[in-house]
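Here is a friendly walk through one structure, written for someone who likes to check geometry by eye. Keep the viewer open and follow along.

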Amino acid sequence: MPSLRSLAILAAALSAARAQTYTLSQDLSGANFFSAFKYNESAVDFNNFGNVHFLGEDDANNAKLTFVDSNNRAIIKVDNTTNGAGDPTFGRNTVYLMSNKLMTIGSLLIFDANHMPFGCSVWPSLFTQGQVWPAQGEIDIIENVNLATNNRFSLHVGDDNCVQPTSVSGNQTGQISTANGDISNCTVTPATGQNTIGCVTSETKDNSFGQGFSSAGGGVFAALWDESGIAMWFFSRPDVPSNIGGTAAPDPTTWGKASAWYPASGCNPSTAFGPQIITLYIDICGAFAGQQSVFEQSCASAAPNCSALVGDPANYNDAYWEINYLRVFTNSANVADTSSASSGPTSGGSAGTGSQSGSSPSASQTGSSGALPSLPLSASLLTAALVLVGMLSL
Ligand SMILES: *[C@@H]1O[C@H](CO)[C@@H](O)[C@H](O)[C@H]1NC(C)=O
Ligand SMILES: *[C@@H]1O[C@H](CO)[C@@H](O)[C@H](O)[C@H]1NC(C)=O
Ligand SMILES: *[C@@H]1O[C@H](CO)[C@@H](O)[C@H](O)[C@H]1NC(C)=O
Ligand SMILES: *[C@@H]1O[C@H](CO)[C@@H](O)[C@H](O)[C@H]1NC(C)=O
Ligand SMILES: *[C@@H]1O[C@H](CO)[C@@H](O)[C@H](O)[C@H]1NC(C)=O
């Protein structure tokens, strides 16, 4: 019979094996925040058809759309000074940032912000995407539009049969909003525009998006991607766990149920997702915020339609991120996210419900605005049309 002492040692060893230790591998804040990202310059938003121009790094810095403020916070904003009234082709300046380093399986991403962009026509998102979309997957951590009050988490994957079983409802605090029978389908078929919305779980906690988030002093979003699945949490400022943000290593086992939980039993986290590019941007109107029925849900009294708002700079005074830090931890030295996206992504990701065309720009991502999708534009527009038709039935 084993002694009590050896049992105790065994139990300690087992719990040590179960508890992961997270090592900081990327710590982005203040002066080193923006150098971790490429600016995907583009005069046209081919992915989501927003009324925007994504500026390159120099132009964005000169226009003060990206800067570090006197409190050492990273600010990312939409232009709120240019008057575009009367110009039907007007696109408002903003940026589309993609991380230089790739995040691998075994990573824990923690994002702390005081303010997120909001307002009628505004569509912010923080997500990660593989270098080939959708084959290498997409994880949406923060996304919603207009004056929505609750964040939406989602996944998008390519060929893998990837679902969120509705049976997870007891294992997450959020609510599945795309259930079909006993599953919520994460697999998209970009060629037909099928299911571009992904498998959405809506945050139920107040202050998880937009004005509510910002007035409460912001908070923290976390995403843990490992062999067991993908879990995402939201904490409003007063509820941020003590092992987040300080010197102690974060310990997700102490955080309580995740807001969204996508277990490996429904979606294989190693085959459905490749190394991920962390992506942060702000869109205006386009396939989600600009879709008439979505727009009317929270902004019917602001304008007859989304694009009517774009010309007036005063609509964008709240359209900015104020970021304390973005950190990536890894749970093993072997899977540190040190690989770099040398050649840049080969395909663009939508931020969620977007009308992702699946097209691949062959030109450099950070090059001139001449980057064109490899599909003819007509094919992209056809996809967009199909997507919009699909969305009408939501
Ligand atoms: C949900 O939680 C229960 C209780 O902790 C656990 O037994 C079960 O394996 C979990 N299911 C999933 C899909 O995570
Ligand atoms: C999920 O949707 C895709 C189309 O995007 C479809 O091919 C697949 O069969 C669906 N999976 C399930 C389990 O319904
Ligand atoms: C949006 O509303 C404006 C103002 O009423 C109108 O001029 C414009 O034609 C509308 N655009 C669309 C696409 O319906
Ligand atoms: C633009 O928005 C910022 C907040 O990001 C605000 O401080 C500034 O006053 C606004 N500019 C104008 C011209 O209203
Ligand atoms: C960069 O922007 C272009 C133009 O909008 C788009 O086609 C491409 O997919 C984007 N890249 C990524 C990785 O999203």
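Strands β9 and β10 pair in the antiparallel sense, with five bridges between them. One place to look is Ser125, whose bridge partner in β10 is Glu143. Please keep in mind that this is a predicted model.

On to the next strand along. Strand β10 is joined to β11 (residues 152–156) by three bridges, and the two run antiparallel. Ile139 has Leu155 in β11 as its bridge partner, while Asp140 is matched with Ser154 in β11. In a regular strand the side chains alternate between the two faces of the sheet. Is β10 enclosed or open to the outside? Six of the six residues of β10 are buried, so this strand is largely enclosed by the rest of the structure.

These strands belong to an open sheet of eight, in the order β2-β7-β20-β9-β10-β11-β16-β13, with antiparallel pairing. Its edges are β2 (37–39) and β13 (175–176), each of which pairs on one side only. Strands of a sheet pair through backbone hydrogen bonds, either parallel or antiparallel.

There is also an open sheet of three strands, ordered β12-β15-β14 and again antiparallel. Here β12 (163–165) and β14 (179–180) are the edge strands, each pairing on one side only. Strand β14 is connected by two bridges to β15 (residues 183–185), and these two strands run antiparallel. Within that pairing, Ala179 stands opposite Ser184 in β15.

Stepping back to the whole protein, the secondary structure comes to six helices and 21 strands. Of the 394 residues, 51% count as buried. Among contacts between residues at least 6 apart in sequence, 74% join residues at least 24 apart.

Which residues touch the most other members of the largest nonpolar core? That core has 94 residues, and the ones in question are Val95, Ile141, Ala222, Met232 and Ala289. Leaving aside residues up to four places away in sequence, Ala222 touches Leu108, Leu109, Ile110, Met232 and Trp233.

Now for some backbone geometry. Most residues other than glycine have a negative phi, and most peptide bonds are trans. Asn72 has a positive phi of about 70° although it is not a glycine. Asn72 is found in the loop between β4 (66–68) and β5 (74–77). Asn207 also has a positive phi, near 65°, and sits in the loop between β16 (201–202) and α3 (210–215). Are these two asparagines buried or exposed? Asn72 is exposed, because 12 other C-beta atoms lie within 10 Å and a count of 12 or fewer qualifies as exposed. Asn207 counts as buried, because it has 24 C-beta neighbours inside 10 Å and the threshold for buried is 20 or more.

The peptide bond is worth a look too. Trp133 and Pro134 are joined by a cis peptide bond, with omega about 0°. Pro134 lies in the loop between β9 (122–129) and β10 (138–143), which brings us back to the pair of strands joined by five bridges.

Finally, the ligands. The table lists the residues around three of them.

| Ligand | Surrounding residues |
|---|---|
| Ligand 2 | Asn161, Val163, Ile183, Asn185, Thr187, Val188, Thr189, Gln194, Asn195 |
| Ligand 3 | Pro304, Asn305, Ser307, Ala308 |
| Ligand 4 | Lys77, Asn80, Thr81, Asn317, Tyr320 |

How do these shells divide by class, and which residues are charged? The shell around ligand 2 has three nonpolar, six polar and no charged residues. Around ligand 3 there are two nonpolar, two polar and no charged residues. The shell around ligand 4 divides into one nonpolar, three polar and one charged, and the charged residue there is Lys77.

Some of these names tie in with the strands described earlier. Val163 and Ile183 are among the residues around ligand 2; Val163 falls in the edge strand β12 (163–165), and Ile183 in β15 (residues 183–185). Asn185, also around ligand 2, belongs to β15 as well. For ligand 4, Lys77 is one of the surrounding residues, and Lys77 is part of β5 (74–77).

Technical notes. Residues numbered from 1 in each chain as written. Chains lettered and ligands numbered in written order. Predicted model: local features only at pLDDT ≥ 70, side-chain atom pairs only at ≥ 80, totals over all residues. Near = placed C-beta within 6 Å. Pairing = 2+ DSSP bridges. Helix = DSSP H or I, 4+ residues; strand = E, 2+ residues; numbered from the N terminus. Core = buried A, V, L, I, M, F, W, Y, C linked by C-beta atoms within 7 Å. Contact = placed C-beta atoms within 7 Å.
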